[in-house]
Amino acid sequence: MDRSTDTITLAGGCFWCLEAVYEQVRGVSSVLSGYANGQIEAPSYEQVCTGRTGHAEVVQVRFDPAQVSLRELLEVFFLIHDPTTLNRQGNDVGSQYRSGIYVDRDEQRAVAAAVMAEVQAHLRDPVVTELEPLRAFWPAEDYHQHYFAQHPGQGYCAFVVAPKVEKFRRTMAQLMRS
C-alpha cells in the first residue's frame, strides 16, 4: 500500500450510516461498504442478513494520515454509534450489526485499544466493540455503495442515517472536508 494512505475497517451497525459520515471527513479518500470476518467467501447481503454467516456489516475507510489520524477516525466512530449494545444499533438487530474495529497491524490495535479505554472511562455500560485482526473483507453489492448520497429521502436514510450525519457535523465540524 502507498505509504501516504492507510486503511481501517469498522463495524458500527448498518454500513450506510458509517459510510455517510466518513465520506464527509477530510483526508478520507474512499469508503467501501462490505462484509468482514465471516465464515463464507463473497457473501451476499441476503446471506449476511440471516445472521448465520458470521459477517459484520463494515466500511473500509482509506485515509491520508497527514490529514486525519486514526485516532480522530475512531473518535468519529464512537460518536456515531453505541458501542455498548451487543449485536444491535437501534432497531437493527443481529450479529451483522455488531460494533467492531478490524486491524491489520499492531500499531492500529494499540491506537484502537487506547481510544476504547478512553471511551469506556466515560460510559457506565461496558464497551462491547470487538477489536480483532481483519481476516477477510468482501465488498458489498454496488447498490449499497454511496447509498445515503444517492437516497437521502429514503425512509431509513432520513430517520436513521441523517441524524448521525448531523451529529457528526455539529460535534466534529473541524474534521469535515472543505
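**View 1. T53 sits in the loop between α2 and β3 (56-63).** This close-up, like the others here, comes from a predicted model. Although T53 is a loop residue, T53 is buried, with a relative accessible area of 7%. Look at its side chain and you'll find a polar contact of 2.8 Å to the side chain of H55. What else is T53 in contact with, leaving aside its neighbours within four places in sequence? The list runs G38, Q39, I40, Q47 and V48.

**View 2. F15 and Y35 make one of the five aromatic pairs that turn up in a search of the whole structure.** Their ring centres are 5.8 Å apart and the planes meet at 50°, so this pair counts as tilted. F15 belongs to helix α1 (residues 15-22) and Y35 to strand β2 (residues 28-36), so the pair ties together parts that are 20 residues apart in sequence. Are these two rings' residues buried or exposed? F15 is buried, at a relative accessible area of 0%, and Y35 is buried too, with a value of 0%.

**View 3. Y45 joins the picture by pairing with F15.** Here the ring centres lie 6.5 Å apart with the planes at 35°, so this pair is tilted as well. Once again distant parts of the chain get linked: F15 is in helix α1 and Y45 is in helix α2 (residues 45-49), 30 residues apart. Put the three residues together and you have one aromatic cluster, made of F15, Y35 and Y45.

**View 4. Helix α3 (residues 70-80) is mostly covered.** How many of its eleven residues are buried? Eight of them are. If you want to pick them out in the structure, go for L70, L73, L74, V76, F77, F78, L79 and I80.

**View 5. C49 and C157, two cysteines without a disulfide partner.** A disulfide is a covalent bond between the sulfur atoms of two cysteines. For this model the count comes to zero. Why is C49 not bonded to C14? The C14 sulfur is the closest cysteine sulfur to that of C49, but the distance is 9.0 Å, which is too far for a bond. The cut-off for a disulfide is 2.5 Å between the sulfurs. C157 is in no disulfide either, and its nearest cysteine sulfur, again that of C14, is 8.0 Å away. As for their surroundings, C49 is partly exposed, with a relative accessible area of 31%, whereas C157 counts as buried at 0%.

Technical notes. Residues numbered from 1 in each chain as written. Predicted model: local features only at pLDDT ≥ 70, side-chain atom pairs only at ≥ 80, totals over all residues. Heavy atoms only, no water. Phe/Tyr/Trp six-rings, centres within 6.5 Å; stacked < 30°, edge-to-face > 60°. Helix = DSSP H or I, 4+ residues; strand = E, 2+ residues; numbered from the N terminus. Buried < 20%, exposed > 50% of the residue type's maximum accessible area, 1.4 Å probe, protein only. Polar contact = N/O pair within 3.5 Å; in protein donor to acceptor, adjacent residues only side chain to side chain. Contact = heavy atoms within 4.5 Å.
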